[in-house]
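This report is meant for a reader who is meeting the structure for the first time. Please keep the sequence and the 3D view open while reading.

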Amino acid sequence: MKIIVNSIFVEDQEKALDFYSETLGFVKKHDVPTGEHRWITLVSQDDQDGTELLLEPNEHPAAKDYQQRLFAEGIPVTMFGVADILEEYKQLVEKGVQFTMEPTEMGNVTIAVFDDTCGNLIQIIQQ
């Protein structure tokens, strides 16, 4: 068994697609109409056959509540690995990304947290 898709709730699929592809550099893999919304997945440039990130609309009240509560508590919804967190941080800040936690050493790892502009906090980690 392996993880093939991981969902992330977003307030606006088009805005999220732009942020995750243009700002973060993920590659769009699927963009399929599903009625009012779309099945949009992205993958890492370095692993285009790897786990897909699904940009899931947060219209269901439970999804919206879950997303808003995690954001309010400062809890990231997912984590992305990076090779050089200081360089990644610098590049993202130059693109206007707002961080709620700058790169911080925690034992054997360094983490940082940013706002994805779509209702979520995302953690990046260098192991």
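The sections below describe a predicted model, beginning with its sheets and ending with its aromatic rings and two single residues.

## The sheet of strands 1 to 4

One open sheet is formed by 4 strands in the order 1-4-3-2, and the pairing within it is mixed. At its edges are strand 1 (5-10) and strand 2 (27-34), each of which pairs on one side only. From one strand to the next, the twist of this sheet averages 25°.

Strand 1 and strand 4 (residues 52-57) run parallel and are joined by 6 bridges. Within strand 4, L54 is the bridge partner of S7. Helix 1 (residues 13-23) lies across strand 1, strand 2, strand 3 (37-43) and strand 4, and its direction makes an angle of about 10° with strand 3.

## The sheet of strands 5 to 8

A further open sheet is made by 4 strands in the order 5-8-7-6, again with mixed pairing. Here the edge strands are strand 5 and strand 6, and each of them pairs on one side only. The twist from one strand to the next averages 20° in this sheet. Helix 3 lies across strand 6, strand 7 and strand 8, running at about 170° to strand 6.

As general background, the strands of a sheet pair through backbone hydrogen bonds, and they do so in either a parallel or an antiparallel manner. In this sheet, strand 6 and strand 7 run antiparallel and are joined by 5 bridges, while 6 bridges join strand 7 to strand 8 (residues 121-126), and these two strands also run antiparallel.

## Two hairpins around strand 7

Strand 7 (residues 109-115) takes part in a hairpin with strand 6, in which 2 residues lie between the strands. In the turn of that hairpin, G107 has a positive phi of about 70°. Across this pair of strands, T104 stands opposite I111 in strand 7.

Strand 7 and strand 8 form a hairpin as well, with 5 residues between the strands, and T117 takes a positive phi near 65° in it. Two positions help the reader to follow this pairing: the bridge partner of D115 in strand 8 is L121, and V113 stands opposite Q123 in strand 8. How many residues of strand 7 are buried? The strand is mostly covered, since 5 of its 7 residues are buried.

## The aromatic rings

A search of the whole structure finds 7 aromatic pairs. One of them, formed by F19 and Y20, is edge-to-face, with 5.5 Å from centre to centre and 80° between the planes. Both of these residues, F19 and Y20, are buried.

Another edge-to-face pair is formed by Y89 and F99, whose rings lie 4.6 Å apart centre to centre, with 65° between the planes. This pair links distant parts of the chain, as Y89 belongs to helix 3 (residues 85-94) and F99 to strand 6 (residues 99-106), with the two residues 10 residues apart. Y89 and F99 are both buried. Taken together, ring pairs link F19, Y20, F26, F80, Y89, F99 and F114 into a cluster.

## Two single residues, T78 and V93

T78 is found in strand 5 (residues 78-81). Is T78 buried or exposed? T78 counts as buried because its relative accessible area is 17%, and buried means under 20%. When residues up to four places away in sequence are not counted, T78 touches N6, I8, L121, I122 and Q123. One of these contacts, Q123, is the residue that stands opposite V113, and another, L121, is the bridge partner of D115.

V93, by contrast, is found in helix 3, and it is partly exposed, with a relative accessible area of 39%. V93 and Y66 are 27 residues apart in sequence, and from C-alpha to C-alpha they are 27 Å apart in space.

How values were computed: Residues numbered from 1 in each chain as written. Predicted model: local features only at pLDDT ≥ 70, side-chain atom pairs only at ≥ 80, totals over all residues. Heavy atoms only, no water. Phe/Tyr/Trp six-rings, centres within 6.5 Å; stacked < 30°, edge-to-face > 60°. Buried < 20%, exposed > 50% of the residue type's maximum accessible area, 1.4 Å probe, protein only. Pairing = 2+ DSSP bridges. Axes fitted to C-alpha atoms, helices over the stretch in contact; angles between N-to-C directions. Contact = heavy atoms within 4.5 Å.
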